[in-house]
Amino acid sequence: MLPFGSVAEAEAALGRSLTAPEGLWFRYSAGMHDFWLYAHNIIFLLIVYSIAPLPIAFLELAKPKSIQKYKLQPKIRVPPSSVIRCYKEVVKTFLFAVGPLQLFSFPTIKLVGIRTGLPLPSAWEVAAQLLVYFLVEDYFNYWIHRMLHSKWGYDNIHHVHHEFTAPIGFAAPYAHWAEILVLGVPSFLGPAIAPGHILTFWFWMALRHIEAIETHCGYDFPQTPTKFIPFYGGAEYHDYHHYVGGKSHSNFASVFTYCDYIYGTDKGYRYQKSQLAQLREQWKVAEQDGEMNGKLGKHE
Ligand SMILES: [Zn+2]
Ligand SMILES: [Zn+2]
């Protein structure tokens, strides 16, 4: 709830006119309790989760030839019934685990100092905070995920997320409820270390989910904008983790590749990648030789 009764009061307190986004924010949030502003997050997560994986899901159904070369596990087709079952399970987890946790954690939001008022943060402030959030989340997620691959962690909790050996966008948050709750901690640590505006918090949560959906989408498109982010893992990187399955001791990181590199948990992935590159090179040479022989044959 904003401590100003009117736009004039807010402008007097800031010593300047409100910008257009600030005016909008004032009209929207002035009479709303901070608890309800924080609760928006659950609705946003549900909307992002329901919409972001749809384009690739439709492409999976339509199977246009032009994108087949980008499919990471081309022989695997997840049936629509499994996609729907996955969606229902995740929505249940959101409503019965993530939702209540979010509501109960409201005092923490106040305690760490996430603000809801004016002025709104600048683009630079948002960008700097998002960078911190992604780095902090990636580091702690790496270690929790690695622990979940212990025998106990995998057998009791993490095996659920690995049901999809060829992941799809909808399966990004498909996991045991305990895993969802535990992995929520690294997502919250960044905002606790560098608290910002609630709008930045909403944006962070939405971005983190979109990133996870992209990482699980099952396609590696060369035009993906995330390809330009240094040390970014992406779909191919995490797909390998699912492909290897429960025995996977490779590619634990959620966003970047540097943790796996530093702690030596990307060796299997790098070896497989180099083997594949060699094979592709051999196929290319064999194909060129075949074409050449064909041309020579025609001349004879
Ligand atoms: Zn795993
Ligand atoms: Zn995964």
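## What buried means here

A residue is buried if 20 or more other C-beta atoms lie within 10 Å of its own, and exposed if 12 or fewer do. F256 has 21 C-beta neighbours inside 10 Å, so F256 counts as buried. That cut-off is used again below for other residues. The model is predicted.

## Overall build

The chain has 13 helices and zero strands. Read along the sequence, the pattern is α-α-α-α-α-α-α-α-α-α-α-α-α. The C-alpha trace spans about 90 × 50 × 40 Å along its principal axes.

The chain holds 300 residues, and buried residues make up 30% of them. Take the contacts between residues at least 6 apart in sequence. Of these, 72% join residues at least 24 apart.

## Two domains

The domain assignment splits the chain into domain 1 (1-32) and domain 2 (34-265). Their centres, taken over C-alpha atoms, are separated by 34 Å.

Where do the two domains meet? On one side are 11 residues of domain 1, in contact with eight residues of domain 2. Helix 1 (7-14) and helix 2 (20-29) are the elements that give two or more residues to the domain 1 side. Helix 2 gives the most, with five residues. By type, the domain 1 side divides into nine nonpolar residues, one polar and one charged.

## Annotated regions

Two spans carry annotations from an unreviewed UniProt entry. According to the record, residues 35-59 are a "transmembrane region". In the model this span is 92% helix and 0% strand, and its end C-alpha atoms lie 39 Å apart.

The record also gives "domain: Fatty acid hydroxylase" for residues 131-265. Here the span is 56% helix and 0% strand. Its end C-alpha atoms lie 23 Å apart.

## Helix 3

Helix 3 covers residues 34-51, which is 18 residues. At 1.5 Å a residue it should span 26 Å. The end C-alpha atoms are 26 Å apart, so the model agrees with the expected span.

Which residues of helix 3 are buried? They are L37, Y38, N41, L45 and Y49. The cover over these buried residues includes helix 2, helix 5, helix 6 and helix 10. Helix 2 therefore appears twice in this account: as part of that cover, and on the domain 1 side that touches domain 2.

## The largest nonpolar core

In soluble globular proteins, nonpolar side chains tend to be buried together. The largest nonpolar core in this model has 37 residues. Those with the most contacts inside the core are A171, Y174, C217 and A253. Helix 3, helix 5, helix 7, helix 9 (177-193) and helix 10 each give two or more residues to the core. The largest share, six residues, comes from helix 10.

C217 shows what such a core residue touches. Leaving aside neighbours within four places in sequence, C217 is in contact with I56, I168, G169 and A235.

## F256 and F231

F256 sits in the loop between helix 11 and helix 12 (258-262). Which residues does F256 contact, leaving aside neighbours within four places in sequence? The partners are D138, F231, Y232 and G233.

F231 is one of those partners. F231 lies in the loop between helix 10 (198-215) and helix 11 (234-244). The two residues are 25 apart along the chain, yet their C-alpha atoms are separated by 5.2 Å. Is F231 buried or exposed? F231 has 12 other C-beta atoms within 10 Å, so F231 is exposed. F256, in contrast, is buried.

## Backbone details

Most residues other than glycine have a negative phi, and most peptide bonds are trans. Three places in this chain depart from that pattern. Phi of F231 is near 60°, a positive value. Phi of K63 is near 50°, also positive. K63 is in the loop between helix 4 (54-62) and helix 5 (80-104). With 10 C-beta neighbours inside 10 Å, K63 counts as exposed.

The third place is a peptide bond. L118 and P119 are joined by a cis peptide bond, with omega about 5°. P119 is in the loop between helix 6 (106-112) and helix 7 (123-148).

Methods. Residues numbered from 1 in each chain as written. Chains lettered and ligands numbered in written order. Predicted model: local features only at pLDDT ≥ 70, side-chain atom pairs only at ≥ 80, totals over all residues. UniProt positions renumbered as here; feature names shortened; annotations may be inferred. Helix = DSSP H or I, 4+ residues; strand = E, 2+ residues; numbered from the N terminus. Domains from an automatic or database assignment. Contact = placed C-beta atoms within 7 Å. Nonpolar A, V, L, I, M, F, W, Y, C, P; charged D, E, K, R; others polar. Expected span 1.5 Å × (residues − 1). Core = buried A, V, L, I, M, F, W, Y, C linked by C-beta atoms within 7 Å.
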